[in-house]
Amino acid sequence: MLRIYSFFVALFLTTLLTAQVQSPSEFLGYEIGTQFSRHSDVVRYFEHVAKNSDLVTYQEYGKTNERRPLTYAVITTSANHSNLENIRKANLEQTGIATGNSGTADKAIVWLSYNVHGNEASSTEASMVTLYELITSKKEWLKDAVIIMDPCVNPDGRDRYANWFNQVASTPYDPAQVAAEHDEPWPGGRPNHYLFDLNRDWAWASQVESQQRLKVYNKWMPHVHVDFHEQGINNPYYFAPAAEPYHEIITDWQMDFQTQIGANHARYFDKEGWLFFTRESFDLLYPSYGDTYPTFMGAIGMTYEQAGHGRAGLGIHTDRGYELTLVDRVAHHKTTGLSTVEISVKNAAKLNSEFKAYFNNNNLKYKSYVLSGNVDNLKALADLMDKHEINYGFASNGKATGFNYTSNGQGSMSYDTAMVISTDQPKGKMVKALFEPDAKLSTPLTYDITAWNLPHAYGLNAVASTSLVRANAASPFKTNITTASTNVAGYIGKWNSLDDAQFLAGLLKEGIRVRFSEQPFVNNGVSYERGSLIITKSDNLGREDFNEVLSTLSRKHNRTLTATTTSFASSGPDFGSSQVKLINPPKIALLKGDATSSLSYGATWYFFEQTLQYPVTSINADKLGRVNLDEFDVLVMPSGWYGSVLNESNLDKVKDFVRGGGKVIALANAVGSLAGKSGFSIKRNTGGSDTEKSDKKENLTPYADRENASTTNFITGSIFKTKVDTTHPMAFGYPDTYYSLKLGSNSYSYLDRGYNVAWIPEEVENVAGFAGETAKGKLSNSLIFGEERMGRGSVIYMVDDPLFRAFWHNGKLFFTNAIFLTNNGKFRL
């Protein structure tokens, strides 16, 4: 009797608390879908629900660059909330990630992520109505589920979009496609503060939003993860199952349950007469998406795509003859969100058993990835592994045999010290995905790049071994302490990593004058390579804080400086030689705006501000004609389309800037804007055989085969082996081989005047990723990085953007060399 009484008391209290919770429309004062809610209003609503319902807890997990809170809600029964820590631990214990005995893992853990692209704004509106439905009409599901809800993954981008729309929209809204409210200005709300696409950043975790989210994700490791998106206005709704190609580590169960989820959604959509499509466009290969990353971590990872995007506003006439409204978009996302929870609850036991089984990695071919090389690059890779809570160790004085990444085939690698990352750990399948030599493709028609392996991205020698390599050596990452002294001629530092570049940037910002050597030299019996930094006492006379600043910065950046009592070299140039050049602390201008790719601009801006931590001035490209370029030493052109900017007058202005000692750095598509222009020697590389040209005349490829046939002209994010002129300052710190990530088929001939610094030789070696035969043929004898002298200055061509998505770590030193070491110019007082 007492048990029945307690049950009714609990039921009464739950009903009372729920009754105090207002719907989103009641709380905000407008019907959801009739306005775009500001992020702060969304936060207020979630706080209101958590305050008034014992089914919801709500907390902040970080802040964005613009100081908006990143938040998540946990939705389950009050009984589950009381036992939440044991539920969480039991889930981790069944995978081997954690040890202990916290109980049986029997709850379905479902994570719903909204609005990773800021201008795909319907999903955050849907998060509020989905939350309300879960704690009112659907609360019976919560007994067997823990729902984690991130209502806005990208608050900065969302508010950029919502605030713009709320400022410009007509009242009532105008559904005409030509209306201004459907023409979002550059850069749009899609990216975050630094204009990164956060849906490509899960694996690389370069952005603060990703870094902070991963800490919570790793704490929970959900069984199902949904990433809510929007697509073009004329497509209806996309949901699982996904398109091919699927990564080979995806299990039959993961694909089967995607199909079950899709069928459940279809029941509701068919009932309402809503159109949808599946198995098209959105594949499961590239590991850095909000569907693939969770999938490779054992979850059922899915993307849901609603028609709309930033163009749709509150309502828009589609080309299909109907009006698409925000109210519609919210209803569709609410339906799939609830449907996902429903079927996950029904399959809670199966989800847990299959989730546990996923973490058995006995069938993986490669048991260990053994990496050696530059210690700074190893440390950078270790930092990335730490973000994903992937285990690694170290081995010493050994030899690994298996697939050799350098020779691109079977071979061996001897090492003094190596990092070992094994697949014999819970996250072994993610290790495989990140380190595998070349991902298998069932079709080259993919949504993103097809190669990303981390040994090449970090410039390391590596072997993938089918044997488990023991790793019990001490970490090679040591803290270096440099104590400056007054009784020296100067200090010498190495130059072969991004860490060295960050140290140099710090010195220059502090006004320390630094030199670098263009030739190898020997000082006090020690050999130094090209690019070595030289900080002399004579260059810094009058700086009473010289020793203090030098000691502080070397400790901050963990750099070892070698003190020398003499500037005399027993071999190579002395400190006063013309081959030991003073580094001009350059004033840098970076173009932005409609002519530029927002992603390329953002990656470059981020590199200067957050990675290099060196000042840069962003200027609007359409104002180039009004800018006094004489105030700058370097002009960086991100990838873009500069046809309207580089008119005859502005082109002459840029050439005058270069002739006077300035430097232009053109990235990716910006190179094409200079190709063939008067005064620039860069030319497109047409290539192609006579057979290919004659085939075009017949044009008999069937309609149904055209898309697949066209892939012969594609390069979809592939890795190519290049040759490097290590004597050129842009290549200082590199060996004679560099692996470049090529994003497309654009090809340029060798420079016939100037310097070809990195290039693809006649024999094209595509080491990973898809490249069509026609496109690959056109890369023969093509430029990757080069410098053309013009008067006293230089134009630097970087055909492959080394700053792309901030993850190709090994390319960043090329860009830094271009800034600081290549044709450095006059010293600016």
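**Packing of helices, barrel and cores in a predicted model**

The buried residues of helix α14 pack against α10 (292-296), α12 (348-358), β12, α13, β14 and α15 (454-457). The model described here is predicted, and within it α14 spans residues 428-435 and lies across β12 and β14, running at about 50° to β12. Eight of the eight residues of α14 are buried, so this helix is largely enclosed by the rest of the structure. The residues concerned are Gly428, Lys429, Met430, Val431, Lys432, Ala433, Leu434 and Phe435. Helix α13, formed by residues 375-388, also lies across β12 (368-372) and β14 (409-422), and its direction is at about 70° to that of β14.

The strands crossed by these helices belong to a barrel. Strands of a sheet pair through backbone hydrogen bonds, in either a parallel or an antiparallel manner. In this model four strands close into a barrel in the order β12-β14-β13-β15, with antiparallel pairing. On average, and with direction ignored, neighbouring strands of this sheet are turned by 50° against each other. Strand β13 (residues 393-404) is joined by two bridges to strand β15 (residues 461-465), and these two strands run antiparallel. Asn404 has Val463 of β15 as its bridge partner.

A second helix with many buried residues is α5 (residues 84-93), which is mostly covered, seven of its ten residues being buried. These are Leu84, Ile87, Arg88, Ala90, Asn91, Leu92 and Glu93. The elements that cover them include β2 (69-75), α4 (78-82), β3 (108-114), β4 (145-150), α8 (208-220) and α12. Helix α12 is thus named among the surroundings of α5 as well as among the elements against which α14 packs.

The nonpolar interior was examined next. The largest nonpolar core comprises 143 residues, of which Leu381, Phe435, Leu454, Phe814 and Phe815 touch the most other members. A second, separate core of 58 residues includes Leu28, Val49, Leu326 and Val341. When residues up to four places away in sequence are not counted, Phe815 touches Thr604, Phe607, Phe608, Val636, Ile665, Leu667, Met798, Pro802 and Leu803. Phe435, another of the residues with the most contacts in the largest core, is also one of the buried residues of α14.

Burial is not restricted to nonpolar side chains, as Thr336 illustrates, for this residue has a relative accessibility of 1% and therefore counts as buried, the limit being under 20%. Thr336 is found in helix α11 (residues 326-346), where its side chain reaches the backbone oxygen of His333 at 3.2 Å. Leaving aside neighbours within four places in sequence, Thr336 is in contact with Phe228, Tyr237, Phe239, His265, Phe269 and Tyr304.

Aromatic side chains also meet one another, and the structure holds 53 aromatic pairs. One of these pairs is formed by Tyr286 and Tyr289 in an edge-to-face arrangement, with 5.3 Å from centre to centre and 80° between the planes. Tyr286 counts as buried because its relative accessibility is 0%, and Tyr289 likewise counts as buried, at 5% relative accessibility. Both tyrosines belong to one aromatic cluster, which is formed by Trp204, Tyr286, Tyr289, Trp452, Phe804, Phe807 and Trp808.

Notes: Residues are numbered from 1 along each chain as its sequence is written. Side-chain values use heavy atoms; hydrogens and water are left out. Two strands pair if DSSP finds at least two bridges between them. Axes are lines fitted to C-alpha atoms, for helices over the stretch in contact, and angles run from 0 to 180 degrees between N-to-C directions. Contact means heavy atoms within 4.5 Å. A nonpolar core is a set of buried Ala, Val, Leu, Ile, Met, Phe, Trp, Tyr and Cys residues joined through side-chain atoms within 4.5 Å. Buried means under 20% relative accessible area, exposed over 50%, partly exposed in between (1.4 Å probe, protein chains only). A polar contact is a pair of N or O atoms within 3.5 Å; within protein, one must be able to donate a hydrogen and the other to accept it, and residues adjacent in sequence count only if both atoms are side-chain atoms. Rings of Phe, Tyr and Trp (its six-membered ring) pair if their centres lie within 6.5 Å; planes under 30 degrees apart count as stacked, over 60 as edge-to-face and the rest as tilted.
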